[in-house]
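Work through the exercises below with the structure in view. Try each task before you read its solution.

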Amino acid sequence: MRVMPFVQVLLLLVLAGYLLLVALENPQPVRLPLPFGRGEWLTGTGAAMGMFVVVGGAFVALLLLPLLWRQGWRRRHDRRERRALEGRLAATLQAQLGALPTPGPVTEPARPEPVPATPDTP
């Protein structure tokens, strides 16, 4: 199943709003375990929720990156193919136009000279 990117972003925003509500209702400190059992990290609920939102946003960005990469590659590939096709069509048209018989030089019929008007003098 393929989820649209804007649906993923919308879902992340809804999740961030929900986490903000949880952080505002629970101001107590949160203990987060550090990797490899080295202790705990004591922080406020809002800071922990903010960190989780940032990590979730980075994860969504990493999920969207291959889609955007593929779409850009596809656009570049289509442009390249279109240019090649237009070049082949232009070459074919030039060949067809070159094969047509050329008409002789076009001459315009001679125009009669206008006769100047003479004034009537008695």
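**Exercise 1.** Which element gives the largest share of the nonpolar patch?

Solution. Keep in mind that this is a predicted model. Start with the members: Leu-34, Trp-41, Met-51, Phe-52 and Val-55 form the nonpolar surface patch. Together they have about 440 Å² of accessible area. Next, find the helix: α2 covers residues 45-99. The largest share, three residues, comes from α2.

**Exercise 2.** Classify Met-51: is it buried, partly exposed or exposed?

Solution. Locate the residue: Met-51 lies in helix α2. Take its relative accessible area, 32%. Buried means under 20%, and exposed means over 50%. Met-51 is therefore partly exposed.

**Exercise 3.** Which residues form the positive surface patch, and how is Arg-82 classified?

Solution. List the patch: Arg-75, Arg-76, Arg-79, Arg-80, Arg-82 and Arg-83. Pick out Arg-82, which sits in helix α2. Its relative accessibility is 45%. The partly exposed class lies between 20% and 50%, so Arg-82 counts as partly exposed.

**Exercise 4.** Describe the overall layout of the protein.

Solution. Count the elements: two helices and two strands. Put them in order from the N terminus: α-β-β-α. Then turn to burial: of the 122 residues, 10% are buried.

**Exercise 5.** Where is confidence lowest, and where is it highest?

Solution. Begin with the whole protein: the mean pLDDT is 80, and 88% of residues reach 70 or more. Confidence is lowest in helix α1 (residues 5-25), with a mean of 77. It is highest in helix α2, at 88. Where pLDDT is low, predicted coordinates should not be read in detail.

How values were computed
Residues numbered from 1 in each chain as written. Predicted model: local features only at pLDDT ≥ 70, side-chain atom pairs only at ≥ 80, totals over all residues. Heavy atoms only, no water. pLDDT = per-residue confidence, 0-100. Helix = DSSP H or I, 4+ residues; strand = E, 2+ residues; numbered from the N terminus. Patch = residues over 30% accessible without salt bridge, like charges linked within 9 Å, V, L, I, M, F, W, Y side chains within 5 Å. Areas by Shrake-Rupley, 256 points an atom, 1.4 Å probe, with all protein chains shown as cover. Salt bridge = Lys/Arg side-chain N within 4 Å of Asp/Glu carboxyl O. Lys, Arg positive; Asp, Glu negative; His and termini not counted. Charge placed at Lys NZ, Arg CZ, Asp CG, Glu CD. Buried < 20%, exposed > 50% of the residue type's maximum accessible area, 1.4 Å probe, protein only.
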